[in-house]
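Please look over the sequence and the structure shown below. The paragraphs after it lead through a few parts in turn.

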Amino acid sequence: MKTAQIFEFRLRHPRRNLPGQVSRKRGESNFVSAFSKAYLASFAPWGIGGKEFALAGFGIADFVWLSWRHSTVSEDGTALSAAKIKFELTRRQLTAFEMKLSDWRKGLAQAYRYGYFSDRTIVVVPPETAKLASCELALFRKLGVGLWSFDKATNRIRTYFTPRAFKPRNAQARQKALDLLGSFLKFRKFGE
């Protein structure tokens, strides 16, 4: 049984700042939604995630996933204290994903920036774009950013390179990210 949940972190959307004709184009947003469902079904048995995770000064990650292992002790119906949530969050792995339909270079730059607060960052692109980006796999490895492809038609995720989890480049930024995630967990059951 899976214990996972996906949140919508953004209350305001930057698309609303664009002209009407452009703001209605939702290709990347639909790609992110389809990926998050496929990721949850294939890779993420326990954890929380969310779309449009904004951390001031570090950008807006298209999707983040905070994973943990399943609890062996039943805690149904119990609430966790804020201190317990904060402690549990520091032991978990935070992965930030940047999705791009075509411009993988821009995605790589954005994903690298998420490395300041996350344990692992990954760029996700459609298969056609991944073929081009995989020619530069050495650059992804050098920067410590993963490259995956996602085929929306088949819900297939392919991993070209997945970096090991590393220590985020900014401990304060990671703590800010965990505090933000913790605010979504305050009154929810938290799996161990």
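Two strands are said to pair if DSSP finds at least two bridges between them. The model discussed here is predicted. In it, strand S3 (59-67) and strand S4 (93-99) pair in the antiparallel sense, over 5 bridges. One place to see this pairing is Phe 63, whose bridge partner in S4 is Phe 97.

S4 also pairs with S5 (120-125). Here the two strands run parallel, and 5 bridges join them. Glu 98 stands opposite Val 123 of S5. Between these two strands the chain passes through H4, and the resulting β-α-β crossover from S4 to S5 is right-handed. How many of the 7 residues of S4 are buried? The count is 6, so S4 is largely enclosed by the rest of the structure.

The helix of the crossover, H4, spans residues 104-114. Its buried residues are Trp 104, Gly 107, Leu 108, Gln 110, Ala 111 and Tyr 114. The spacing of such a list can be read against the geometry of a helix. An α-helix has 3.6 residues a turn, so residues three or four places apart point the same way. What covers the buried residues of H4? The cover includes the strands S3, S4, S5 and S6 (145-151), together with the helices H5 (127-133) and H6.

H6 covers residues 137-143 and contains Leu 143. Leu 143 has 31% relative accessibility and therefore counts as partly exposed, since that class lies between the buried limit of under 20% and the exposed limit of over 50%. Together with Tyr 112 and Leu 139, Leu 143 makes a nonpolar surface patch of about 210 Å².

The charged pairs come next. The structure holds 2 salt bridges. In one of them, Lys 100 is joined to Glu 98, and the closest N and O atoms are 3.5 Å apart. Are these partners buried or exposed? Lys 100 counts as buried because its relative accessibility is 10%, and Glu 98 is buried too, with a relative accessible area of 2%.

A further salt bridge is made by the side chains of Arg 174 and Asp 119, at 2.8 Å from N to O. This pair links distant parts of the chain: Arg 174 belongs to helix H7 (residues 171-185), while Asp 119 lies in the loop between H4 and S5, and the two are 55 residues apart. Arg 174, at 12% relative accessibility, counts as buried. Asp 119 is buried with a relative accessible area of 9%.

Methods: Residues numbered from 1 in each chain as written. Predicted model: local features only at pLDDT ≥ 70, side-chain atom pairs only at ≥ 80, totals over all residues. Heavy atoms only, no water. Patch = residues over 30% accessible without salt bridge, like charges linked within 9 Å, V, L, I, M, F, W, Y side chains within 5 Å. Areas by Shrake-Rupley, 256 points an atom, 1.4 Å probe, with all protein chains shown as cover. Salt bridge = Lys/Arg side-chain N within 4 Å of Asp/Glu carboxyl O. Helix = DSSP H or I, 4+ residues; strand = E, 2+ residues; numbered from the N terminus. Buried < 20%, exposed > 50% of the residue type's maximum accessible area, 1.4 Å probe, protein only. Contact = heavy atoms within 4.5 Å. Right-handed = clockwise from strand over helix to strand, strands pointing away.
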